[in-house]
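Reader: Hello! I am new to this structure and would love a close look at one part of it, the largest nonpolar core, along with whatever helps me place it in the rest of the chain. Could you walk me through it?

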Amino acid sequence: MKALTICQPYAHMILLGEKRVENRTWPTNHRGLFYIHAGKSRAWWDEDIDSKRYQNAVFGAVVAIATLLDCLKVADVTAKYPDLIGHCHVNGPWCWILRNVTPIGPWSWRGAQGLFEIDVEELGRVANRELGIPQGAHSKRPK
């Protein structure tokens, strides 16, 4: 499945529903589910503000699954999505419209530039390891 590395505190803001648009300098044709990976970089992290406000933010991990609904030039966003009028994160030049953000993990993972692939089965093994589930064990679903 596709994944996108997003620097903190922005990845955490997406988890909290504060940021519903991811801004990029490039467009994508991808639509649908993708993983949100919180990057290791602290380049955008303001220790005085972010460490207090987003104290649960993690770095270098897959933190959510989201739906990439659309990708538009910044000038076209509010005409198509009036609910984003005044949203402070509509900056562009390309706005990736996010919906249905579901927190997962966090599960340690190495990020990459651009949209990159994460093998779902490998991520499952990482998740099981971090959750302490023995390899090969399967959870039983209630009937």
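Author: Happy to! The largest nonpolar core has 15 residues, and those that touch the most other members are Ile6, Phe34, Ile36 and Val63. Please keep in mind that this is a predicted model. Five elements each supply at least two residues of this core: the strands β1 (2–6), β3 (32–38), β4 (61–73) and β5 (94–108), together with the helix α1 (10–15). With six residues, β4 gives the most to the core.

A good place to start is Phe34, which sits in strand β3. Phe34 counts as buried because its relative accessible area is 1%, under the 20% limit. Setting aside residues up to four places away in sequence, Phe34 touches Met1, Lys2, Leu4, Ala64, Ile65, Ala66, Thr67, Leu68 and Leu98. One of these partners, Ala64, is 30 residues from Phe34 in sequence, yet their C-alpha atoms are 8.5 Å apart in space.

Next comes Ile6. Beyond its neighbours within four places in sequence, Ile6 is in contact with Ala11, Ile14, Glu22, Arg24, Ile36, His37, Ala38 and Gly39. There is also a second, separate core of eleven residues, and Ala3, Phe116, Ile118 and Val126 are among them.

Ile6 also leads us to the largest pocket, which holds about 450 Å³ of space. Of the 21 residues lining this pocket, Thr5, Ile6, Cys7, Arg24 and Trp44 are the closest to its centre. Both β1 and β2 (21–24) supply at least two residues each to the lining. Sorted by class, the lining is made of ten polar, six nonpolar and five charged residues.

From β1 you can follow the chain into the loop that runs between β1 and α1, where Pro9 is found. Here the peptide bond from Gln8 to Pro9 is cis, with omega near 10°. Another cis bond joins Gly92 to Pro93, again with omega near 10°. Pro93 has its place in the loop between α3 (77–80) and β5.

Strand β5 has a detail of its own, Asn100. The phi angle of Asn100 is near 50°, a positive value in a residue other than glycine. Asn100 counts as exposed because its relative accessibility is 58%, and the limit for exposed is over 50%.

You may also wonder about the cysteines. A disulfide needs a pair of cysteine sulfur atoms within 2.5 Å, and by this rule the count is zero. Cys71 is in no disulfide, and the nearest cysteine sulfur to its own, that of Cys95, lies 8.2 Å away. For Cys88, the closest cysteine sulfur is also in Cys95, but it is 12 Å away and so too far for a bond. The surroundings of Cys71 and Cys88 can be told apart by accessibility: Cys71 is buried, at 8% relative accessible area, whereas Cys88 is exposed, at 55%.

To find your way back to the core, look again at Phe34 in β3 and at Ile6, which is in contact with Ile36. Ile6, Phe34 and Ile36 are, with Val63, the members that touch the most others in this core.

How values were computed:
Residues are numbered from 1 along each chain as its sequence is written. This is a predicted model: local features need pLDDT of at least 70, side-chain atom pairs count only at pLDDT 80 or more; totals for chains, interfaces and linings use all residues. Side-chain values use heavy atoms; hydrogens and water are left out. Buried means under 20% relative accessible area, exposed over 50%, partly exposed in between (1.4 Å probe, protein chains only). A nonpolar core is a set of buried Ala, Val, Leu, Ile, Met, Phe, Trp, Tyr and Cys residues joined through side-chain atoms within 4.5 Å. Helices (H or I, at least four residues) and strands (E, at least two) are DSSP runs, numbered from the N terminus. Contact means heavy atoms within 4.5 Å. On a 1 Å grid over the protein atoms alone, a cavity is a set of points where a 1.4 Å probe fits but cannot get out, and a pocket is an open set with protein on both sides within 12 Å along at least five of seven lines; lining residues have an atom within 4 Å of a point. Grid points are joined across faces, edges and corners, and a volume is the space filled by probe spheres set on the points. Ala, Val, Leu, Ile, Met, Phe, Trp, Tyr, Cys and Pro count as nonpolar, Asp, Glu, Lys and Arg as charged, and the others, Gly among them, as polar.
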